[in-house]
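Let's take a walk through this structure together, starting at the ligand and working outwards. Keep the 3D view open as you read.

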Amino acid sequence: MLARPVRVVVLLSGRGSNFRAIAEAGLPIEVVAVVSNRPDAGGLDYARSRGIPAIALDHKAHPDREAYDVLLADEIERHRPDLVVLAGYMRILSTAFIARFEDRLLNIHPSLLPSFPGLRTHERALDEGVKVHGCTVHFVTPQLDHGPIVVQAAVPVRADDTPQTLAARVLEQEHRIYPLAVRWFAEGRLVKNHGRVNLKDDPASQSVLSTGA
Ligand code: GRF
């Protein structure tokens, strides 16, 4: 564990409820900047309301994805992050970007990976008739939605669920597990071992959380 708060940069594209959950969880971190590819992202307003530097880097002004990602990575580096948190960042990142932040880049995905990588996860879960759904925090690797898993939470799928009701149940769990994963990272407790992440000093492994709800 570092003697100072862990410096975190958050990337987001939308309302930023996961960012908010992290910012309000009393973690041993300092969110040193929030960056969005969408200037109108609600998460930027929330950052400003807390006095956190909020930076919009509009991807539409930079049609070349690789070039945009270099700008984005340079902006992030300026804030000297120990950790970069993707919190609803809705763009695929280039391999070069991911390499630059290897081992300090976390993402949250609204499914129990490796099931349902990509978009429309709740709708697809309902189409497949799964009985259990959930969310995953993982380290980011070049393969989309497929890095070493830090923590997952499961929720039941109910007979009358719609994509919206299921999304709301999963989001509640996202707000629980993302702060937890960031805390573990900040405390230096995440140990990677052959594609798996183990939690230091936790023989019983708490990194699967079930709501039972
Ligand atoms: C969350 O469901 C997250 O899992 C997904 O995008 C959504 C972002 O929500 N990647 P918010 O902006 O954090 O409210």
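How far does a polar side-chain atom of Glu174 lie from an oxygen atom of the ligand? In this predicted model, the distance between the two is 2.7 Å. The protein as a whole covers 87% of the 370 Å² of accessible area that the ligand has on its own.

Glu174 has company. The residues around the ligand also include Arg15, Gly16, Ser17 and Asn18, together with Gly88, Ile108 and Pro110. Two of these also place an atom beside a ligand oxygen, and it is worth comparing how they do it. Arg15 uses its side chain, with a polar atom 2.5 Å from an oxygen atom of the ligand. Asn18, on the other hand, uses its backbone: an N or O atom there lies 2.9 Å from an oxygen atom of the ligand. Sorted by class, the shell around the ligand has 4 polar, 2 charged and 2 nonpolar residues.

Now step back to the space that holds the ligand. Rolling a probe the size of a water molecule over the atoms shows where empty space is left. The ligand sits in the largest pocket, and that pocket contains about 890 Å³ of space. Its lining is made up of 36 residues, and the closest to the pocket centre are Gly88, Tyr89, Met90, Ile108 and Pro110. If you trace the lining by secondary structure, the elements that give two or more residues are α1 (17-23), β5 (105-109), α5 (121-128) and α6 (163-186). Of these, α6 gives the most, with 4 residues. By class, the lining has 16 nonpolar, 14 polar and 6 charged residues.

Before you leave, have a look at the loop between β5 and α5, where Pro114 lies. What kind of peptide bond joins Leu113 and Pro114? The bond is cis, with omega at about 10°. Phe116 is found in the loop between β5 and α5 too, and its backbone also deserves a glance: phi is near 55°, a positive value in a residue other than glycine. Both features stand out because most residues other than glycine have a negative phi, and most peptide bonds are trans. As you orbit the model, you can go from this loop back to β5 and α5, both of which give residues to the lining of the largest pocket, and from there return to the ligand that sits in that pocket.

Key:
Residues numbered from 1 in each chain as written. Predicted model: local features only at pLDDT ≥ 70, side-chain atom pairs only at ≥ 80, totals over all residues. Heavy atoms only, no water. Near = heavy atom within 4 Å. Polar contact = N/O pair within 3.5 Å; in protein donor to acceptor, adjacent residues only side chain to side chain. Areas by Shrake-Rupley, 256 points an atom, 1.4 Å probe, with all protein chains shown as cover. 1 Å grid on protein atoms, 1.4 Å probe; cavity = no way out; pocket = protein on both sides within 12 Å on 5 of 7 lines; lining within 4 Å. Sits in = over half its atoms within 2 Å of the grid points. Nonpolar A, V, L, I, M, F, W, Y, C, P; charged D, E, K, R; others polar. Points joined across faces, edges and corners; volume = space filled by probe spheres on them.
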